[in-house]
Amino acid sequence: MREIVTVENLKAYYFIRFMGNQTTVRAVNGVDFKVCEGEIYGIAGESGCGKSTLLKVLFGYTKPPLRLVDGSVIYDFDSQKLNITAVNHQLLRRVRWKYISYVPQGSMNVLNPVRKVRKIFMDVLAEHTDMSKEEAFYEVEKYFEALGLPLRVLDSFPHQLSGGMRQRVTIALATILKPKVILADEPTTALDVVVQRGVIQLLKDIHDEQKCTLIIVTHDMGVHAHLSSRICVMYAGKIVEEAPSNKMFKDPLHPYTKLLINSLPSLGDRRRREGIPGAPPSLSNLPPGCPFHPRCPSARSVCMEREPALVTVERDRRVACWMVEG
């Protein structure tokens, strides 16, 4: 399959100055991966591992204190390659929403609280298409009907909607122009389990209908199990394991991935689930060697001294762990 997204040696740091001292937070610290056209690529890991920052860089959103230090993000749209980290603002505006769309973590962050939902959609269509007001009006209603969303929502303000409905509206707003790549940042955060299922199914239906590529960030491994075809697991700003989802859940290789999956509840299994000991390291003061070694139950002396590289162990699988290399 054609590779539509290629990320190479991506480094994006937060440079924060406080009380005369500058702190460097290495949120994305040398990330490499490729995403094929039409697949659902999942990015997993605990809070604070750099997932959301990575998605912002993929969208070309690097405003201070976040700064791109190194690397590239190459999109291949109809054989026309575009480095999103090196384009000017005007081109970036033309690319966003029509080719690359972004579903933010909080639905209220993208919905204007003083405009009705219909007006928000009309603004997007007016900005990125040549539709008349009547055509845009019809297009919005037609798209809502296609997604199974009630038309009454269009005449509501965002604060009048439930959290789940706002999230559905946000997803509809990000996909109404049928972009080739959708970036979804924790789309099910703060939603109850029943509503989560509806949001996940909506994303899946849009992916299947529009034949787009979906890159989804979530710490919920259950969401990845249901949705993602391939998963990378991040820790301390780096990828520690990447594999097809069926292989990862059946036989995780990295100790961190094992602990993430083993913490999931299983139907009919009443055994007590153990959490991951300790806490993620500070991205401004990483430990020497493998950043996971202070929490790893299998750590050895080499883990404390040298950081393992992300190596290919199978044709479609990579892992960064001295135990696997050994």
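Arg2 is a suitable place to enter this predicted model, and with a relative accessible area of 27% this residue is partly exposed. Its side chain meets that of Asp76 in a salt bridge, with 3.3 Å from N to O. Asp76, by contrast with the partly exposed Arg2, is buried, its relative accessible area being 12%. Because Asp76 belongs to strand β4 (residues 66–77) while Arg2 sits in the segment before β1, the pair ties together parts that are 74 residues apart in sequence.

Strands β1 and β4 lead on to a sheet. Four strands make up this open sheet, in the order β2-β1-β4-β5, and their pairing is antiparallel. The edges are held by β2 (21–36) and β5 (80–83), each of which has a single partner strand, so one side of each is left without a neighbour in the sheet. On average, and with direction ignored, neighbouring strands of this sheet are turned by 10° against each other. Within the sheet, β1 (residues 3–18) and β2 are joined in the antiparallel sense over twelve bridges, and Val7 has Phe33 in β2 as its bridge partner. Strand β1 also contains Ile16, a residue that is partly exposed with a relative accessible area of 39%. Together with Phe18 and Met19, Ile16 makes a nonpolar surface patch of about 380 Å².

Further along the chain comes helix α1 (residues 51–58), which is largely enclosed by the rest of the structure, because six of its eight residues are buried. These buried residues are Lys51, Thr53, Leu54, Leu55, Val57 and Leu58. After the helix comes Gly60, whose phi is positive, near 80°.

Lys51 brings the reader back to charged pairs, and in general side chains of opposite charge can pair when their charged atoms come close. Lys51 forms a salt bridge with Glu186, and the closest N and O atoms of the two are 4.0 Å apart. This pair links distant parts of the chain, since Lys51 is in helix α1 whereas Glu186 lies in the loop between β7 and α6 (193–210), 135 residues apart. Both Lys51 and Glu186 are buried.

Strand β7 (residues 181–185) runs parallel to strand β6, and four bridges join the two; among the paired residues, Ser101 has Ile182 in β7 as its bridge partner. Strand β6 (residues 100–103) is covered on both faces, with Ile100 and Tyr102 buried on one side and Ser101 and Val103 buried on the other.

A search of the whole structure finds 18 salt bridges. One of them joins the side chains of Glu127 and Arg93, at 2.4 Å from N to O, and this pair again links distant parts of the chain, with Glu127 in helix α3 (residues 117–128) and Arg93 in helix α2 (residues 89–95), 34 residues apart. Glu127 counts as partly exposed at 45% relative accessibility, and Arg93 likewise counts as partly exposed, at 41%. Elsewhere, salt bridges that share partners join Glu39, Arg230, Glu242 and Arg318 into one network.

The cysteines complete this walk through the model. The structure holds zero disulfides. Cys296 is in no disulfide, and the nearest cysteine sulfur, which belongs to Cys303, is 6.2 Å away. Cys303 is in no disulfide either, the nearest cysteine sulfur being that of Cys290, 6.1 Å away. Cys296 counts as buried at 17% relative accessibility, and Cys303 counts as buried at 7%.

How values were computed:
Residues numbered from 1 in each chain as written. Predicted model: local features only at pLDDT ≥ 70, side-chain atom pairs only at ≥ 80, totals over all residues. Heavy atoms only, no water. Pairing = 2+ DSSP bridges. Axes fitted to C-alpha atoms, helices over the stretch in contact; angles between N-to-C directions. Patch = residues over 30% accessible without salt bridge, like charges linked within 9 Å, V, L, I, M, F, W, Y side chains within 5 Å. Areas by Shrake-Rupley, 256 points an atom, 1.4 Å probe, with all protein chains shown as cover. Buried < 20%, exposed > 50% of the residue type's maximum accessible area, 1.4 Å probe, protein only. Disulfide = S-S within 2.5 Å.
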